[in-house]
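Dear colleague,

I am handing over the structure below, and afterwards I set out what was found in it. Please read the notes with the model open beside them.

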Amino acid sequence: MNELLLKSFHHVKGYFPQLIAAGILMTIIQWASPYLGIAGSLVASYLLLPTIHIGIGQLCLQGQDKDLSFKEAFSLENLSFIWSKKDIALQIGMLKLLIVLGTGLVISFVMISILGGDSALIEALTQAQNDAGDQPELFMKYLSEDIDWSAYTYLLMALLLMVIAIFSLTWLSLHVMAFEGAGVIAAIKTSIQRGVKHFGLSMALVFFFLSGYIFAQALGWVGYTLVMPWLAVLHFHAYQSITSRGF
């Protein structure tokens, strides 16, 4: 894991301007999505951002395959892959949406099973979702301000571990689809197989990845611009590392 982190950090340090450009684009899309309505938010979250995220990995791979430096891979000439691979962009979005919805269903089922007759939390969550609409930042604000989470400490810890576990099994699926030509279901199946085989490493990397994402969100626009491209590089190297270890 240390080797992965150092390799990712090396890319970010050596090719900072190129990744900052990608980070600025991701930040603009993230900032604008709440103002674009439901359709715009869906396009931003499940089409544009995942495509850029995978695109950064593609640039890493392209540099390796053609013996290019990472900086050379970011030249305009070598950015044409984004247009040439536009046919899989929609599938990548569908894959991410499927994972999010599936995770949400599992978490909801577990919460209802554990809470039993305690419907107060479920009602509060439903009300927060209705009030926030398609604005995730507002939804998170309602969650932090309107619900007393101190009474649900153990539940939150269990749900957090469950989210990390699910993500550990499915987070390679985007790269499997983009770089191995798999379909939606096949990509998820392959990711789960590799995640189970290397579950400890996957859990550690996902925990680090999610910590970085939370840190980026806490720092606002600047943090998002700086951290998100690096997380995309880390995600790609994690995919390469776990895949190279075989099933």
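**Helices H12, H13 and H2**

On one side of H12, a helix in the DSSP sense (a run of H or I of at least four residues, numbered from the N terminus), Gly200, Ile214 and Ala218 are exposed, where exposed means over 50% relative accessible area, buried under 20%, and partly exposed in between, with a 1.4 Å probe and protein chains only. This is a predicted model, in which local features need pLDDT of at least 70 and side-chain atom pairs count only at pLDDT 80 or more, while totals for chains, interfaces and linings use all residues. Residues are numbered from 1 along each chain as its sequence is written, and side-chain values use heavy atoms, leaving out hydrogens and water.

The buried residues of H12 are Leu201, Ser202, Leu205, Val206, Phe209, Gly212 and Ala216. They lie on the same side of H12, because they cover an arc of only 125 degrees around the axis, taken from the directions from the helix axis to the C-beta atoms.

Just after H12, Gly220 takes a positive phi of about 80 degrees. In H13 (residues 220–244), 18 of the 25 residues are buried, so that the helix is mostly covered.

The residues of H2 that meet H13 include Phe16, Leu19 and Trp31, and among their partners in H13 are Trp221, Tyr224 and Pro229, contact meaning heavy atoms within 4.5 Å.

With kind regards

Methods: Helix = DSSP H or I, 4+ residues; strand = E, 2+ residues; numbered from the N terminus. Expected span 1.5 Å × (residues − 1).
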